[in-house]
Amino acid sequence: MDSMGVCNEDQQGYDALLFLSFGGPEKPADVRPFLENVTRGRNVPPERLDDVAEHYMHFGGVSPINALNRDIINRVAEELSGRGIRLPIYFGNRNWHPMVEDTVAEMSRDGVKRALVFPTSAWGGYSGCRQYHEDIARARESVDDAPDLRKLRHYYDHPLMVEMFADAIRAAQAQLSPSGREGARLVFTAHSVPESADAHGGLPDDGGYLYSRQVNEAAALCASKAGFAEFDVVWQSRSGPPQIPWLEPDICDHIEYVAAQGHRSVIVCPVGFVSDHLEVVWDLDTEAQEAAAEHNVELVRAATPGTDSRFATMIVDLIDEELSGAQAVRLGAQPSRGATLNGEPCGEGCCQIPRRRPASAQA
Ligand SMILES: CC1=C(CCC(=O)O)c2cc3nc(cc4[nH]c(cc5[nH]c(cc1n2)c(C)c5CCC(=O)O)c(CCC(=O)O)c4C)C(CCC(=O)O)=C3C
Ligand SMILES: [Fe+2]
């Protein structure tokens, strides 16, 4: 048997890694079609799309997400080869090129039979987990001879994630002015989702709210590791029509509240994001900074883990865990799922969005 064959046996037959992400525009002309892909059939008002298009235009119509992902992929390739794991890496997105359908077609042409999938979302819930399963299923359906694709589990509470965020919180704290360092409020933020989607998160037996429970747990783990006894969890980047409830409070409203409580400084930790996506560099570094200035609060933002070399280590740890069948290394106690084959949901009815009532049934 050749060395490739031997290696493949250790690797449970896995012969590739699919790095699956959200996607983002790479030039101004991409912005509108990208936003149309994201919001197709999702009831996002046109005014919101105009606003978000403008946010992208502040960055020359280029989302930071693609370069960040390519950087992570390069590090993962190095880490894999350093550990003797032979998995060529393919890159595909839900909403922009390289589209996951095209990537899976390429994998099939290359003869890939069985691949692991790393999603750039650490979370459960519809947007963070089930929608990536849907991407996997859709991409496979569009291709003859599609490889088997097994998604890796949620990693929001992986010890390296907690360690990277905790280090980033302490580094941010050190950037505060000497007077701001005392009494600084630690505030975690994650992407808001519709309340009804959150309520249906997880398996029916999980009791709902899987995403917000995981976010709260991650915040508590990171705060404790960084040495903070108190902290808040808030939300950001809400979309959708204003009459539909989304998770609250919003970070900008919360800054006003924190100022009213007498805090003169805030450390914001974007625990819900793996890297400096547009939501981080616009909604936090621009809008939340403005809100802070308005209320005379000093705001520092903790770095996201994507560019930390430990992030690639964690990804390969997750792969190794899957290949060796070892128990999941994790710090949290909330349900953690997400690892299924070929886009199957984590179980019957997991993170299923309730169907909207037909217009005629609405009052
Ligand atoms: C939970 C969650 C994550 C974290 C998990 C994960 O990472 O997947 C996430 C990530 C991201 N969201 C992103 C961008 C957008 N999200 C939108 C809209 C929405 N997000 C939602 C939720 C989430 N989103 C939801 C419920 C909507 C409403 C429409 C719908 O139900 O789908 C819209 C439409 C315009 C608007 O903002 O209204 C855009 C442009 C980018 C790329 C940013 C970049 O370019 O750097 C990333 C990483
Ligand atoms: Fe989003």
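Which helix gives the most residues to the shell around ligand 1? In this predicted model, that helix is α2, which contributes 4 residues to the shell. Helix α2 (31–39) belongs to a group, together with α3 (46–57), α6 (126–141) and α12 (278–294), in which each helix supplies at least two residues of the shell around ligand 1.

The surroundings of ligand 1 comprise 24 residues, of which R48, Y56, S63, Y132 and S239 come nearest. Sorted by class, this shell holds 14 nonpolar, 7 polar and 3 charged residues, and at least three of its residues are drawn from each of domain 1 (3–155 + 308–324) and domain 2 (159–306).

Polar side-chain atoms that approach ligand 1 include those in the following table.

| Residue | Atom of ligand 1 | Distance |
|---|---|---|
| R48 | oxygen | 2.7 Å |
| H191 | nitrogen | 3.2 Å |
| E279 | nitrogen | 2.9 Å |

Taken alone, ligand 1 would expose 880 Å², and the protein buries 95% of that area.

Turning from the ligand to the protein interior, the largest nonpolar core has 57 residues, among which I169, F188 and F311 have the most contacts inside the core. Helix α7 (residues 159–175) provides the largest share of this core, with 9 residues, while at least three core residues come from each of domain 1 (3–155 + 308–324) and domain 2 (159–306). In soluble globular proteins, nonpolar side chains tend to be buried together. Both domain 1 and domain 2 thus supply residues to the shell around ligand 1 and to the largest nonpolar core.

Methods: Residues are numbered from 1 along each chain as its sequence is written. Chains are lettered from A and ligands numbered from 1 in the order in which they are written. This is a predicted model: local features need pLDDT of at least 70, side-chain atom pairs count only at pLDDT 80 or more; totals for chains, interfaces and linings use all residues. Side-chain values use heavy atoms; hydrogens and water are left out. A residue is near a molecule or strand if one of its heavy atoms lies within 4 Å of it. A polar contact is a pair of N or O atoms within 3.5 Å; within protein, one must be able to donate a hydrogen and the other to accept it, and residues adjacent in sequence count only if both atoms are side-chain atoms. Accessible areas come from the Shrake-Rupley method with a 1.4 Å probe; for residues, only the protein chains shown count as cover. Ala, Val, Leu, Ile, Met, Phe, Trp, Tyr, Cys and Pro count as nonpolar, Asp, Glu, Lys and Arg as charged, and the others, Gly among them, as polar. Domain bounds come from an automatic or database domain assignment. A nonpolar core is a set of buried Ala, Val, Leu, Ile, Met, Phe, Trp, Tyr and Cys residues joined through side-chain atoms within 4.5 Å. Buried means under 20% relative accessible area, exposed over 50%, partly exposed in between (1.4 Å probe, protein chains only).
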